Amino acid sequence: MSKAKAILISPNPRTMSLVSPVVSHFYNILKANDIEMKYFDTTLYDLSDKYVNAEKKIYENFSAKEVREEHKVKIPGFGTTLKNREELLLDFRKEVEDYQPDVILTSVMECTVRLMREMLSHIHDLKVPHIVGGVFPTYAPDLAISYPEIDVLCVGEAEHIIAELVLKVKKGESLKGFPNTWYKDKDGNVIKNKMAPPNDIDELPR
């Protein structure tokens, strides 16, 4: 069987939140288990047509001055003019089509779940399995699993289960009884597996 491949997406509207620490954790864990991982970040896209633009709010409500064009940092591949939301969705779809991952991983908070749903909807026809974890599904799993875009949740910590979970999804194996996961079966019923004990961070790959 070929090596398993995963894409980890960070649905982060520009300046709204920090890049999730699971990016480095999961990269090291998956690498140690011979699983490839690519990372797709949305931070360098201008999503202000639909999502909160924190920079604009600062300029409007505080004494900060907007950075002049000549002082803006040029970002390789972007310049000083950021790509928009439609370009983000096109870039994400192309990344998935080109890389052909076995699973898409994403970690979301309450303020990023809407963007995550939009991104998953945009590639729904590609039928790539996905696993949604993070603060939001951990504290509001019933709400998270109710969204039609979401099929599998990781509730709680995933460091000790993520590698095996990716491999099970790649092989199409049942998640019945698999700890820290909720999922929808073929009939749309929600299956709620039990939580595992907390992780010891000193045992994680570095």
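**View 1. Helix α7 and what covers its buried residues.** The cover over the buried residues of α7 includes α1, β5, β6 and β8 (181–184). This is a predicted model. Helix α7 spans residues 162–171. Its buried residues are I162, A163, L165, V166, K168 and V169. G172 follows the helix. The phi of G172 is positive, near 75°.

**View 2. Strand β5, enclosed.** β5 is one of the elements that cover α7. The strand runs over residues 103–107. Of its 5 residues, 5 are buried, so β5 is largely enclosed by the rest of the structure. Both of its faces are covered. One side carries V103, L105 and S107. The other carries I104 and T106.

**View 3. The partners of β5.** β5 pairs with β1 in the parallel sense, over 4 bridges. Here I7 has I104 as its bridge partner. β5 also pairs with strand β6, residues 130–133. That pairing is parallel too, again over 4 bridges. Opposite I104 in β6 stands H130. From β5 the chain crosses through α4 to reach β6. This β-α-β crossover is right-handed.

**View 4. The largest nonpolar core.** This core has 29 residues. Which of them have the most contacts inside it? They are F40, F92, I104 and L153. Four elements give two or more residues to the core: β1, α3 (85–99), α4 (113–122) and α6 (141–146). Another core, of 25 residues, lies apart from it. Among the residues of that other core are F26, I29, L30 and I131.

**View 5. The surroundings of L153.** L153 is one of the residues with the most contacts inside the largest core. Its neighbours within four places in sequence are left aside here. Beyond them, L153 is in contact with V132, P137, P141, A144 and I145, among others. The list also includes N180, T181 and W182.

**View 6. F40 and F92, a tilted aromatic pair.** The whole structure holds 3 aromatic pairs. In one of them, F40 and F92 lie 5.3 Å apart, centre to centre. Their planes are at 55°, and the pair is tilted. F40 sits in strand β2 (residues 36–41), F92 in helix α3. The two are 52 residues apart, and the pair links distant parts of the chain. Are these rings buried or exposed? Both F40 and F92 are buried. With Y45 they form one aromatic cluster.

**View 7. F136 and Y147, a stacked aromatic pair.** The ring centres of F136 and Y147 are 6.4 Å apart. Their planes meet at 10°, so the pair is stacked. F136 belongs to helix α5 (residues 135–139), while Y147 lies in the loop between α6 and β7 (152–154). The pair therefore ties together parts that are 11 residues apart in sequence. F136 has 8% relative accessibility and counts as buried. Y147 has 14% and also counts as buried.

**View 8. N12, a buried loop residue.** N12 is found in the loop between β1 (5–10) and α1 (22–32). Why does N12 count as buried? Its relative accessibility is 3%, and buried means under 20%. The side chain of N12 is joined to that of T43 by a polar contact of 2.8 Å.

Note on methods. Residues numbered from 1 in each chain as written. Predicted model: local features only at pLDDT ≥ 70, side-chain atom pairs only at ≥ 80, totals over all residues. Heavy atoms only, no water. Buried < 20%, exposed > 50% of the residue type's maximum accessible area, 1.4 Å probe, protein only. Polar contact = N/O pair within 3.5 Å; in protein donor to acceptor, adjacent residues only side chain to side chain. Core = buried A, V, L, I, M, F, W, Y, C linked by side-chain atoms within 4.5 Å. Contact = heavy atoms within 4.5 Å. Pairing = 2+ DSSP bridges. Right-handed = clockwise from strand over helix to strand, strands pointing away. Phe/Tyr/Trp six-rings, centres within 6.5 Å; stacked < 30°, edge-to-face > 60°.
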